[in-house]
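Please open the model in your viewer and show the side chains as sticks. The tour below moves from one charged pair to the next, with a selection to make at each stop.

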Amino acid sequence: MSVASFFSSSSLFPFSLPLNNNYKIKIIKGRVMGLFLSRNLACKFFYPFLLSEKISKDLFPKQLENMMCLVSPRTGRHLQRYDNGCRQVVGCIPYRYKDNETKDKELEVLVISAQKGLGMQFPKGGWETDESMEQAALRETIEEAGVVGSVESKLGKWYYKSKRQPIEHEGYMFPMLVKKELDNWPEMNTRKRQWMTVAEAKERCPYAWMKEALDELVSRQSQLANGLGYKL
């Protein structure tokens with residue numbers, strides 16, 4: 001069944017009262033909105049779709065982008081993964097190249113403000129049992145930083161102590177080549193985002209393990225750039 005025929009089918013309207021077209025449209029919009037407001041559906045279908053498809057500007061029409069800001073970030077830790085008592089955390093380093101109209105391409109990274117504490121950091125959060133590591137990294141990046149792109153192979157694994165709890169974390173970071181910045185995203189009212197040079201990000205970020213992940217990204221991109229014959 002096509003999308004058009006599904007939305008026009010009587011299954012959407014289980015009552016026999018006569019309805020005008022405007023009222024039917026309102027019902028359809030409400031049901032579609034309900035789908036996107038479901039965290040479970042977003043994580044099981046929407047985020048995997050983004051991981052499997054090429055991201056383009058056309059993929060996020062404005063209506064869908066506006067819905068994204070209403071999707072509630074995941075809360076609670078009942079699905080949180082642990083490994084030998086270590087809470088497993090995943091995140092992304094969103095990056096892009098600033099084109100100076102020369103052969104030199106300057107690497108920039110996107111950082112976000114912390115909800116608690118000072119400094120800037122990269123988006124990250126708990127890896128949960130109902131998602132892959134890459135899906136979790138993408139989800140956290142959309143929720144916290146409001147950017148979408150290609151999640152690449154992970155940069156490594158780090159162990160670090162929680163500042164607020166007596167627990168050790170096992171952190172994984174992935175590079176993300178940003179394809180689109182959303183105007184609306186779930187944590188837009190609680191976080192600020194900013195593009196920075198690598199040097200600026202290392203100065204503003206208080207977490208040693210994130211700085212090491214950034215160094216790994218720079219090393220990887222430098223090797224790629226040398227192979228392509230341009231300088232970073």
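Begin by selecting R96 and E108 in this predicted model, where the two side chains come together in a salt bridge with 2.9 Å from N to O. This pair joins distant parts of the chain, since R96 belongs to strand β2 (residues 86–99) while E108 belongs to strand β3 (residues 105–113), and the two are 12 residues apart. If you now colour by accessibility, R96 counts as partly exposed because its relative accessibility is 28%, whereas E108, at 9%, counts as buried.

Next, select D215 and K202, whose side chains form a salt bridge of 2.7 Å, N to O. Here too the link is between distant parts of the chain, with D215 in helix α7 (residues 208–228) and K202 in helix α6 (residues 198–204), 13 residues apart. Is D215 buried or partly exposed? With a relative accessible area of 37%, D215 is partly exposed, and K202, at 29%, is partly exposed as well.

Keep the sticks on and add E131, R139, E140 and E143 to the selection, because these residues are joined into one network by salt bridges that share partners. Within that group, look at E131 and R139, whose side chains meet in a salt bridge with 2.6 Å between N and O. E131 counts as buried at 4% relative accessibility, and R139 counts as buried at 0%.

To finish, zoom out to the whole structure, in which a search finds 8 salt bridges, including the pairs R96 with E108, D215 with K202 and E131 with R139.

Notes: Residues numbered from 1 in each chain as written. Predicted model: local features only at pLDDT ≥ 70, side-chain atom pairs only at ≥ 80, totals over all residues. Heavy atoms only, no water. Salt bridge = Lys/Arg side-chain N within 4 Å of Asp/Glu carboxyl O. Helix = DSSP H or I, 4+ residues; strand = E, 2+ residues; numbered from the N terminus. Buried < 20%, exposed > 50% of the residue type's maximum accessible area, 1.4 Å probe, protein only.
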